[in-house]
Amino acid sequence: MYNNKEWSKNAKVGLYCQLGGALDMANFSIKSAILNSGMDKDEVEMIFVTWKSKPYVYDWLELNNFKYYEMPYDEGKGFLWNLYKGWNAGYEQLFPHVPIVCPIATDHYFYKDWLKNLVKNCKENRIVNCKLVEPGILETLHTAKNYGVTVEGQFRKQEFDTWAEQFVKEHKDELVFDDCIPNDRGGKYGHRLDAMPFVVPLDVWKRFGPMLQTPDERGITGDTNFFNRCKAGGVEITKALDAISYHSGGAETARNRAEGVYT
């Protein structure tokens, strides 16, 4: 930890986010994550993982009084190696302080009570995924509805909130236990087990973490490999249909690379 800030003694869950340089996206996304969490402030811890981040990123973190961990960057290892090293770092930094960890990203909009509805369903030996919505510009196994990019002035928040409110009314407290994740396309099911944001309890991470930092022998990346190992080990892979997040889909990485971050 490079900035010394106190941890909450009442925290039930920890959020972490890898932060590049797209602060317009971060401002929009993190605001929605906090304001719409549905939980008390002292119940939630949050930390940012930085690597190769620009000086203005640290200015933003200090201005907002956010905790952050500056991860040593492994030169010559490549983007994916360091990306998954950053994923692992978030869990490692938070688990000494909280029993549940949830990764988030800055190209999301988080609908109201998203975190509360994940945490209420989380228990030992169970991962709980969100109901993920993506614009459908890129191939997706999730619900495809295009509400724009998650920055102020480009995201059609009112339209999305109207759809999400109706969806939650129809699916409140509904937890899906099927291995597959409904993608709302003609009743078909996709087979990607992870729908970020998701909550991971400490006992699961102790048994199946950390994530691989290079693809496995089949070319499967660290997050999917982690979920596959969890499933094979008997962990319940579930999804809370009233915990909704909209994901712009590749927008954050593209923006960071355009700005010379994460290249």
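Me: A helix is a DSSP run (H or I) of at least four residues, and helices are numbered from the N terminus. With that in mind, which residue follows α7, and what is the sign of its phi?

Reply: Please note at the outset that this is a predicted model. Helix α7 is followed by G234, and the phi of G234 is positive, near 95°.

Me: How should the side chains of a helix be read, and which residues of α7 are buried?

Reply: An α-helix has 3.6 residues a turn, so residues three or four places apart point the same way. In this structure α7 spans residues 222-232, and its buried residues are G222, D223, T224, N225, F226, F227 and C230.

Me: Against which elements do the buried residues of α7 pack?

Reply: Their partners are two helices, α3 (79-94) and α6 (202-208), together with the strands β6 (126-134), β11 (198-201) and β12 (236-247).

Me: Let us turn to strands. Which way do the residues of β4 point?

Reply: In a regular strand the side chains alternate between the two faces of the sheet. Strand β4 shows I100, C102 and I104 pointing one way, with V101 and P103 pointing the other way. Residues on both sides are buried, and β4 (residues 100-104) is mostly covered, since five of its five residues are buried and buried means under 20% relative accessible area.

Me: Which strands pair with β4, and is each pairing parallel or antiparallel?

Reply: Strand β1 (residues 13-19) pairs with β4 in the parallel sense over four bridges; within that pairing, L15 has C102 as its bridge partner. Strand β11 runs antiparallel to β4, and two bridges join them. There, V101 stands opposite V200 of β11.

Me: How is a pair of aromatic rings described, and how many such pairs does the whole structure contain?

Reply: A pair of aromatic rings is described by the distance of the centres and the angle of the planes. A search of the whole structure finds 26 aromatic pairs. One of them joins Y16 and Y91: the centres are 5.2 Å apart and the planes lie at 70°, an edge-to-face arrangement. Because Y16 belongs to strand β1 and Y91 to helix α3, this pair ties together parts that are 75 residues apart in sequence. Y16 is buried, with a relative accessible area of 2%, and Y91 is buried as well, at 0%. The rings of W60 and F66 have centres 5.4 Å apart and planes at 50°, so this pair is tilted. Both W60 and F66 are buried.

Me: Which residues do ring pairs link into a cluster?

Reply: The cluster consists of F28, Y109, Y147, F155, F160, W163, F167 and Y246.

Me: Where do the charged ends of K52 and K77 sit?

Reply: The charged end of K52 sits over the ring of Y73, 5.0 Å from the ring centre. For K77, the ring beneath the charged end is that of W81, with 4.6 Å to the ring centre.

Me: How is empty space located, and what lines the second largest pocket?

Reply: Rolling a probe the size of a water molecule over the atoms shows where empty space is left. The second largest pocket holds about 590 Å³ of space. Its lining comprises 23 residues, of which I34, K41, V44, M46 and F66 lie nearest its centre. The elements giving two or more residues to this lining are α1 (23-35) and β2 (44-50); α1 supplies the largest share, five residues.

Me: How many cavities of 30 Å³ or more does the structure hold?

Reply: There are two. The second largest cavity contains about 30 Å³ of space, and its lining includes E134, P135, G136, S248 and G249.

Definitions and conventions: Residues numbered from 1 in each chain as written. Predicted model: local features only at pLDDT ≥ 70, side-chain atom pairs only at ≥ 80, totals over all residues. Heavy atoms only, no water. Buried < 20%, exposed > 50% of the residue type's maximum accessible area, 1.4 Å probe, protein only. Contact = heavy atoms within 4.5 Å. Pairing = 2+ DSSP bridges. Phe/Tyr/Trp six-rings, centres within 6.5 Å; stacked < 30°, edge-to-face > 60°. Lys NZ or Arg CZ within 6 Å of the ring centre and 35° of its normal. 1 Å grid on protein atoms, 1.4 Å probe; cavity = no way out; pocket = protein on both sides within 12 Å on 5 of 7 lines; lining within 4 Å. Points joined across faces, edges and corners; volume = space filled by probe spheres on them.
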